[in-house]
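Please find below a colleague's note on the packing in this model, set out as numbered points.

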Amino acid sequence: MNSDADDDWCLVLPLKPLALAKSRLAAATGALLRPRLALAFAQDTVGAALNCARVRDVVVVTDDPTAGTALAALGARIVPDLPAAGLNAALEHGVGAIRERRPHARVAALNADLPALRTAELARVLDTARKFPRAFLADAAEIGTTFLSAGPGVELEPAFGGASRLRHLSSGAVEIRLTGVDSVRRDVDTGEDLAEARALGLGPRTAAQWLPAAG
């Protein structure tokens, strides 16, 4: 994590309570492993993000005490989900918490379920996003969004959920069309997604939870 430069990025990651997170994954992992994997996904995402030289800090918006403790131990700042009004409200709240301290911060929302995230690939996405007032990266299916950025003085205007790629595009955000950033696009909601993330290379915490169970 780089804490010196004023022009580096502040990332916001939303995380549901672990008891509710990644419900579609239960069919592949079982009910007991699912919340542990949801936490491992977030830990690997936060760990990779904090290791990126472009990133000043990471704010996680969550009300889950277990997740909050684990992610704070990695170096994330935990912000309670005071709006309690869904994903996009949580992201706006996280951005507000950042800009309360740094009014001109460069901010980006990042999914918390990127267990194969590579620091170098995230850096490439951030470097491209820097060129535009608002920019986004579609998920691997090119339906949703895994990353949305806003430059200094620009509102994030998050519209995550479902077919968010088209919503972000229609809102004026520039779509980032990089190759070789698969790990930033590979969010995990299903067993098939998890298999694709495994092929990319799982982060250490997800691997420790999943590989013994998957065999």
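**Core and helix packing**

1. Leu122 touches Leu11, Ala49, Cys52, Val55, Leu110, Leu117 and Val184, leaving aside residues up to four places away in sequence, where contact means heavy atoms within 4.5 Å. This is a predicted model, in which local features need pLDDT of at least 70 and side-chain atom pairs count only at pLDDT 80 or more, whereas totals for chains, interfaces and linings use all residues. Residues are numbered from 1 along each chain as its sequence is written, and side-chain values use heavy atoms, with hydrogens and water left out.

2. The largest nonpolar core (buried Ala, Val, Leu, Ile, Met, Phe, Trp, Tyr and Cys residues joined through side-chain atoms within 4.5 Å; buried means under 20% relative accessible area with a 1.4 Å probe, protein chains only) has 37 residues, and Leu11, Val58, Leu110, Leu122 and Phe147 have the most contacts inside it. Helix α2 supplies the largest share of this core, 7 residues (helices are DSSP runs of H or I, at least four residues, and strands runs of E, at least two, numbered from the N terminus).

3. Helix α2 (residues 33-50) packs on helix α9 (residues 204-214) at an angle of about 150°, with the axes 7 Å apart; axes are lines fitted to C-alpha atoms over the stretch in contact, and angles run from 0 to 180 degrees between N-to-C directions. The pair is therefore roughly antiparallel, a term for angles over 145 degrees.

4. In helix α4, the buried residues are Ala90, Leu91, Gly94, Val95, Ala97, Ile98 and Arg99, and they pack against β1, β2, β3 (77-79), β4 and β6 (145-150).

Key: Angles under 35 degrees count as roughly parallel, over 145 as roughly antiparallel, 65 to 115 as roughly perpendicular and the rest as oblique. Buried means under 20% relative accessible area, exposed over 50%, partly exposed in between (1.4 Å probe, protein chains only).
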